[in-house]
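Open the model in your viewer and keep the sequence beside it. The stops below say what to select next and what is there.

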Amino acid sequence: MGLGDLLPGGGTQKSEGGLGMFGAGSPTFLTTKIDFVINWGRRNSLWPMPFGTACCAIEMMAAAASNFDLARFGMERMSFSPRQADVLICAGRVPYKLAPVLRRIWDQMPQPKWCVSMGACASSGGVFDVYSMVQGIDTIVPVDVYVPGCPPRPEGLIYGLMMIQEKIREESLSRHFEHRAEDPALVALAKANEAEIVGLTGPFGNSTQQEKLSGAPTDDNSA
Amino acid sequence: MTERPLSGLDAVERGPLPSDPSAPAAPAPVEGQSDHPSVAALASRFGPAVQGHRLMAGDQTVVWIAPEKSLEILTWLKDDPAQQYDMMSDVTGVDYGSGRPIEVVYQMFSTVHKRALRLRCRLPLEALEIDSVAGLWHSANWLEREVYDLFGVTFKGHPDLRRILMPFDYAEGHPLRKDFPLRGRFSRAEQTRRALAQDVERFYGSQELAHGGPPQQVPARTEPEAEG
Ligand code: SF4
């Protein structure tokens, strides 16, 4: 899909076949909105940072492989370095021991960045409502899109990423800081506060009932 | 008001129950001879420290031993030419609940004589201590750390008895014990707060960090010689 098709007004400069705007007889310039061009570039070159911790990661790999071919959507390369990534795909369950790692990877990604929570485990803890599991990564990093399923099919992940593309299309550069800036003072703190964590995990029977179970911490906390 | 049947979630909410004392007890030794050659040898050498044996899981010979003698017995089993259990496949623990003793299980294999042997030591809950065998088999090092982490058994003489699976500053106890609540002892918010306060670098001991060699020094920048 060329830029010509995407121009506001439908790319009226198109001539027969191919990219009309650079073809013979068409003007060598075009006018557009800077928001539009930037968002067009951003949403078609999203590099995912794969944070695959469990079975969902297998479906994420399938989505990147030739049958589903995530590269068609501009996710040309899985970026295993968070510094070169735009969208964090958290695929799989996250135990509390891994929580600071996930948080650090998110903090290392440059702005602008987005986050997909793939699968029931990443979104809510899934069936793992136990002592060791983070009950939804939204208590640690801000999530843009939740992909349901256990595991979601590759189509599901691709649909989620297309929703992110749609979200980027709606963004405006002039409101960038409103949407995206993070307060450095909050880095390495939970994204959600205590009440939010209870609220987010409560509907799954998680957090609100916790108090009933809580005993005093044990003495044998030596480590 | 009619009684609502308990759902799975209610059961979780109610928290851990004391395990049913009428539940099948831990397996106990049986009378009779064993055709495993190590059993007779153990009994004749260590006498009352060998508390009995039983054939379990098909062809697995299990021997119960007294925890005070465990290091002596295991050293002999490793070094005696007729035994030579040179491979410690697994060290693990079992909690049978209801205040019953926690058992530490040693699974050994002799690559010389092609024999397997399993030893079990009963440790009462108030004295969860046993000698470490990490000095005999290196493989026991991490396995004992795991038993310590999840059951709270202290291995005396272990070179590096830290938690291995749970975070190093985990303060909620030992999760595989039967009296441990399924969701831990703290609220989810508190657990999240503690998790994010962890220092990721501290997951590694100094030994592991040393594998990469000393930190690289960036060579001092030298100014190029001025031309002409
Ligand atoms: S949601 Fe299902 S498939 Fe995905 S990590 Fe959890 S258990 Fe595995």
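Accessible area here comes from the Shrake-Rupley method with a 1.4 Å probe. The model is predicted.

**Stop 1: chain A as a whole**

Select chain A and show its surface. About 11300 Å² of chain A is exposed, and carbon and sulfur atoms supply 59% of that area. Of the 223 residues in chain A, 43% are buried. Switch to a cartoon view: chain A has nine helices and four strands. Along the sequence they follow the pattern α-α-β-α-β-α-β-α-β-α-α-α-α. Among contacts in chain A between residues at least 6 apart in sequence, 75% join residues at least 24 apart.

**Stop 2: the sheet of chain A**

Now select the strands of chain A. They form an open sheet of four strands in the order β1-β2-β3-β4, with parallel pairing. At the edges are β1 (48–52) and β4 of chain A; each has a single partner strand, so one side of each is left without a neighbour in the sheet. From one strand to the next, the twist averages 20 degrees.

Zoom in on β1(A) and on β2 (residues 87–91) of chain A, which pair in the parallel sense over five bridges. Which residue is the bridge partner of A:G52 in β2(A)? Select A:A91 to see that partner.

**Stop 3: a helix and a loop in chain A**

Select helix α2 (residues 34–43) of chain A and colour its buried residues, A:F36, A:N39 and A:R43. These residues lie on the same side of α2(A), because they cover an arc of only 75 degrees around the axis.

Next, go to A:V130, in the loop between α5 (119–124) and β4 (145–147) of chain A. The C-alpha atoms of A:V130 and A:Q111 are separated by 34 Å, although the two residues are 19 residues apart along the chain. Leaving aside neighbours within four places in sequence, what is A:V130 in contact with? The contacts are A:Q135, B:L182, B:R183 and B:R188.

**Stop 4: the sheet of chain B**

Move to chain B and find the open sheet of five strands, ordered β1-β2-β5-β4-β3 with mixed pairing. Its edges are β1 (50–56) and β3 (87–95) of chain B; each has a single partner strand, so one side of each is left without a neighbour in the sheet. Neighbouring strands here are turned by 20 degrees against each other on average, direction ignored.

Select β1(B) together with β2 (residues 60–65) of chain B: they run antiparallel and are joined by six bridges. B:M56 stands opposite B:Q60 in β2(B).

Add helix α2 (residues 37–46) of chain B, which packs on the sheet and touches β1, β2 and β5 (115–123) of chain B. The direction of this helix makes about 45 degrees with that of β5(B). Then add helix α4 (residues 140–151) of chain B, which also packs on the sheet, touching β3 and β4 (102–110) of chain B. The direction of α4(B) makes about 5 degrees with that of β3(B).

**Stop 5: the nonpolar cores**

Finish with the largest nonpolar core, which has 41 residues. Those with the most contacts inside it include B:L42, B:L77, B:M88 and B:V153. At least two residues each come from α2, β2, α3 (70–79), β3, β4, β5 and α4 of chain B. Helix α4(B) gives the most, with six residues.

Select B:V153: leaving aside neighbours within four places in sequence, its contacts include B:I102, B:V104, B:L123 and B:Y148. A second, separate core of 22 residues includes A:M60, A:F73, A:A91 and A:W114.

Terms used. Residues numbered from 1 in each chain as written. Chains lettered and ligands numbered in written order. Predicted model: local features only at pLDDT ≥ 70, side-chain atom pairs only at ≥ 80, totals over all residues. Heavy atoms only, no water. Pairing = 2+ DSSP bridges. Axes fitted to C-alpha atoms, helices over the stretch in contact; angles between N-to-C directions. Contact = heavy atoms within 4.5 Å. Buried < 20%, exposed > 50% of the residue type's maximum accessible area, 1.4 Å probe, protein only. Arc of directions from axis to C-beta. Core = buried A, V, L, I, M, F, W, Y, C linked by side-chain atoms within 4.5 Å.
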